[in-house]
Amino acid sequence: VELFMAKQDAGLTGVVRGQMIICLVNGTLTGVGLFILDVKFALTLSLVATVCSIIPIFGVIISSVPIILMAITNSFFTALLALGWIAIIHFIEGNILNPKIIGKSAEIHPVLVILALMAGQNTYGIFGALIAVPIFSILQNTFFFIRELVFAMDDVSTQTPAADLPSYDEMDE
């Protein structure tokens, strides 16, 4: 049980670590773009983007509204540039960073991360997208643990008995 729980802990820790890295990357890229565009409260808005990145898909929308509202105070063109920058960040995050970082951190293949996110969102919406990768990590680690047990039992059953121990037939006599 301890080994099973240690493997589950390692997998879920990887998922959380990967999500935190993605949040930091998203917030950093957002902050860089807002500073370049000279949007007021760029640091605060990038912190909001960092925190909202935890929420798949809708986090970007939630954090984009105040960014666009602050950028429009500069000019309409600045607001369009900010929106374009956010779209580029979201595209990079969703298609490259999310599968690669979470996949590497949780030792899940990037394609499986995408499939888990799609299945979770289609089944339970935002909540499903939030819990899809952790649940997949638990299922994958359970499968790997059972597979290791089966292989370990197979290895034990194919080993020859030690030379100094009697066989079962000899013990019956």
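Read along the sequence, the chain of this predicted model follows the pattern α-α-α-α-α-α. Six helices are present and the number of strands is zero. Of the 173 residues in the chain, 32% are buried. Among contacts with a separation of 6 or more, 62% are accounted for by residues 24 or more positions apart.

One pairing between positions distant in sequence involves R17 and I102, which stand 85 residues apart along the chain. The C-alpha atoms of R17 and I102 are separated by 7.8 Å. R17 belongs to helix α1, and its relative accessibility of 43% places it in the partly exposed class. R17 also appears among the residues that line the second largest pocket.

The packing of α2 and α3 was examined in terms of axis geometry and residue contacts. The two helices pack at an angle of about 170°, and their axes are 8 Å apart. Because angles over 145 degrees count as roughly antiparallel, α2 and α3 are roughly antiparallel to each other. From α2, the residues L45, V48, A49 and C52 take part in the contact. Their counterparts in α3 are G59, I62, S63, P66, I67 and M70. By class, this contact of α2 with α3 comprises eight nonpolar and two polar residues, with no charged residues.

The structure holds one cavity of 30 Å³ or more. The space in the largest cavity amounts to about 70 Å³. Its lining consists of 13 residues, of which N26, T30, V60, S63 and I86 are the closest to the cavity centre. S63 is also one of the α3 residues that meet α2. Two or more lining residues are given by each of α1 (2–36), α2 (42–52), α3 (58–72) and α4 (76–106). The class composition of the lining of the largest cavity is six nonpolar, six polar and one charged.

An open site was also characterised. The second largest pocket has a volume of about 180 Å³. Its lining is formed by K7, A10, G11, R17, S105, A106, E107, Q140, N141, F144 and E148. The elements that give two or more residues to this lining are α1, α4 and α5 (110–158). By class, three nonpolar, four polar and four charged residues line the second largest pocket. Charged residues in this lining thus number four, whereas the lining of the largest cavity has one, and the contact of α2 with α3 has none.

Backbone geometry was considered for the loop between α1 and α2. Most residues other than glycine have a negative phi, and most peptide bonds are trans. D38 has a positive phi of about 60° although it is not a glycine, and its place is in the loop between α1 and α2. With a relative accessibility of 59%, D38 counts as exposed. F41, likewise not a glycine, has a positive phi of about 60°. F41 is found in the loop between α1 and α2, and at 57% relative accessibility it counts as exposed. For D38 and F41, the exposed class follows because their values of 59% and 57% lie over the 50% cut-off.

Technical notes
Residues numbered from 1 in each chain as written. Predicted model: local features only at pLDDT ≥ 70, side-chain atom pairs only at ≥ 80, totals over all residues. Heavy atoms only, no water. 1 Å grid on protein atoms, 1.4 Å probe; cavity = no way out; pocket = protein on both sides within 12 Å on 5 of 7 lines; lining within 4 Å. Points joined across faces, edges and corners; volume = space filled by probe spheres on them. Helix = DSSP H or I, 4+ residues; strand = E, 2+ residues; numbered from the N terminus. Nonpolar A, V, L, I, M, F, W, Y, C, P; charged D, E, K, R; others polar. Axes fitted to C-alpha atoms, helices over the stretch in contact; angles between N-to-C directions. Parallel < 35°, antiparallel > 145°, perpendicular 65-115°, else oblique. Contact = heavy atoms within 4.5 Å. Buried < 20%, exposed > 50% of the residue type's maximum accessible area, 1.4 Å probe, protein only.
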